[in-house]
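Here are some short exercises to help you find your way around a new structure. Have a go at each task before you read the solution.

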Amino acid sequence: FVPRPSSPYLKGKKLLVTAGPTQEKMDPVRYFTNRSSGKMGYAIAEAAAQQGADVTLISGPTALGAPRGVETIYVTSAQEMYQEVIERFEETDVVIKTAAVADYRPKTVSEQKIKKAEGEWTVTFVRNPDILQELGKRKTHQLLVGFAAETEHLQDFAMQKLEKKQLDMIVANNVAAPDAGFSVDTNRVTFIYKGGASKDLELMSKQKVAEALCEELDILLKSRAS
Ligand code: CTP
Ligand code: CA
């Protein structure tokens with residue numbers, strides 16, 4: 001039995017949460033994006049604020065209202081998200097990256113609407129910066145938490161990301177399961193820690209996952225302080 005920490009246990013901690021998809025423009029009427037409702041990230045931002053944390057949410061375009069008690073900054077592209085995150089990284093204690101960042105963007109953006117023509121259309125994409133990997137290189141005192149949405153080899157792929165990006169923890173999410181991931185209000189996740197220990201959580205609401213994650217942060221922050 002692990003006693004629940006007494007609230008507000010994140011008081012005085014500065015959290016940076018990213019959420020939602022990014023949109024990568026091709027022309028004034030078209031963009032390339034990822035599936036993400038933003039629900040998980042917004043729930044985390046709100047749960048952390050309820051525990052007294054000073055939370056900044058960097059959000060891509062979503063249909064959600066701003067979470068209560070959180071400073072919310074809206075961005076569109078991965079490059080904009082990168083700028084906003086890097087700018088605040090130094091003063092941050094914990095970064096939680098739930099955002100579904102587009103890995104690529106169209107190489108050129110047309111100022112005018114691209115007209116259709118006969119036959120196929122080929123678009124060339126270039127790589128976006130990997131925000132979390134950059135934070136892993138730059139981190140001094142910050143705790144870094146990533147999310148991994150996978151459709152297969154959940155544990156292995158998530159563990160590889162944790163190591164490559166020098167994370168303290170990764171939340172692995174099986175998006176192939178019908179009751180987890182995109183659009184739905186429930187999630188089934190596994191917490192994986194630096195060193196390889198892991199914890200499977202049962203199916204629960206995204207709010208409950210957010211609360212469970214906040215409690216983990218409290219434990220990680222305390223073990224770091226001692
Ligand atoms: N991430 C990021 N910047 C990117 C891509 C991903 O910060 N350009 C972050 C995500 O916010 C997430 C973690 O990295 O916390 C894992 O994202 P994911 O897309 O699962 O992993 P990738 O490293 O992009 O690998 P792949 O898409 O090939 O599985
Ligand atoms: Ca990716």
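Before you start, a residue is called buried under 20% relative accessible area, exposed over 50%, and partly exposed in between (1.4 Å probe, protein chains only). Helices (H or I, at least four residues) and strands (E, at least two) are DSSP runs, numbered from the N terminus.

This is a predicted model, where local features need pLDDT of at least 70, side-chain atom pairs count only at pLDDT 80 or more, and totals for chains, interfaces and linings use all residues. Residues are numbered from 1 along each chain as its sequence is written, chains are lettered from A and ligands numbered from 1 in the order in which they are written, and side-chain values use heavy atoms, with hydrogens and water left out.

**Exercise 1.** Find out what confidence values the predictor gives.

*Solution.* Start with pLDDT, the predictor's confidence in each residue, from 0 to 100. Its mean for the protein is 95, and 98% of the residues reach 70 or more. Then turn to the complex, which gets an ipTM of 0.99 and a pTM of 0.95.

**Exercise 2.** Work through helix α5: its span, its buried residues and a salt bridge.

*Solution.* First, the span. The expected value is 1.5 Å times one less than the number of residues. With 20 residues, α5 reaches 28 Å from its first C-alpha to its last, close to the 28 Å expected.

Next, look for buried residues. In α5 they include V209, L213, L217 and L221, and also the charged-letter entries K206, E215, E216 and D218.

Last, the salt bridge (a side-chain nitrogen of Lys or Arg within 4 Å of a carboxyl oxygen of Asp or Glu). K208 and E211 form one at 3.7 Å, N to O. They sit 3 residues apart in α5, about one turn of the helix. K208 is partly exposed at 47%, and E211 is partly exposed at 30%.

**Exercise 3.** Look for salt bridges elsewhere, and say which parts of the chain they link.

*Solution.* A search of the whole structure turns up 14 salt bridges. Take D185 and K39, whose side chains meet at 2.9 Å, N to O. This pair links distant parts of the chain: D185 is in the loop between β10 (169–174) and β11 (186–187), K39 is in helix α1 (residues 39–50), and their positions lie 146 residues apart. K39 is partly exposed, at 26%.

Now try K161 and E150, which meet at 2.5 Å, N to O. K161 belongs to helix α4 (residues 154–164) and E150 to strand β9 (residues 143–150), 11 residues apart. E150 counts as buried at 8%, whereas K161 is partly exposed at 29%.

Finally, K139, D168, K194 and R224 are linked in a network of salt bridges.

**Exercise 4.** Which residue coordinates the calcium ion (ligand 2)?

*Solution.* Donors are N, O and S atoms within 2.8 Å of the metal (3.2 Å for Na, K and Ca); water is not among the atoms, so sites may look incomplete. Here D103 coordinates the ion through OD atoms, at 2.4 to 2.7 Å. To locate D103, go to the loop between β6 (94–97) and β7 (104–106).

**Exercise 5.** Place A78 in the fold.

*Solution.* Begin with helix α2 (residues 78–89), where A78 is found. Then check its accessibility: at 0%, A78 counts as buried. To finish, compare A78 with P21: they are 57 residues apart along the chain, and their C-alpha atoms are separated by 8.7 Å.
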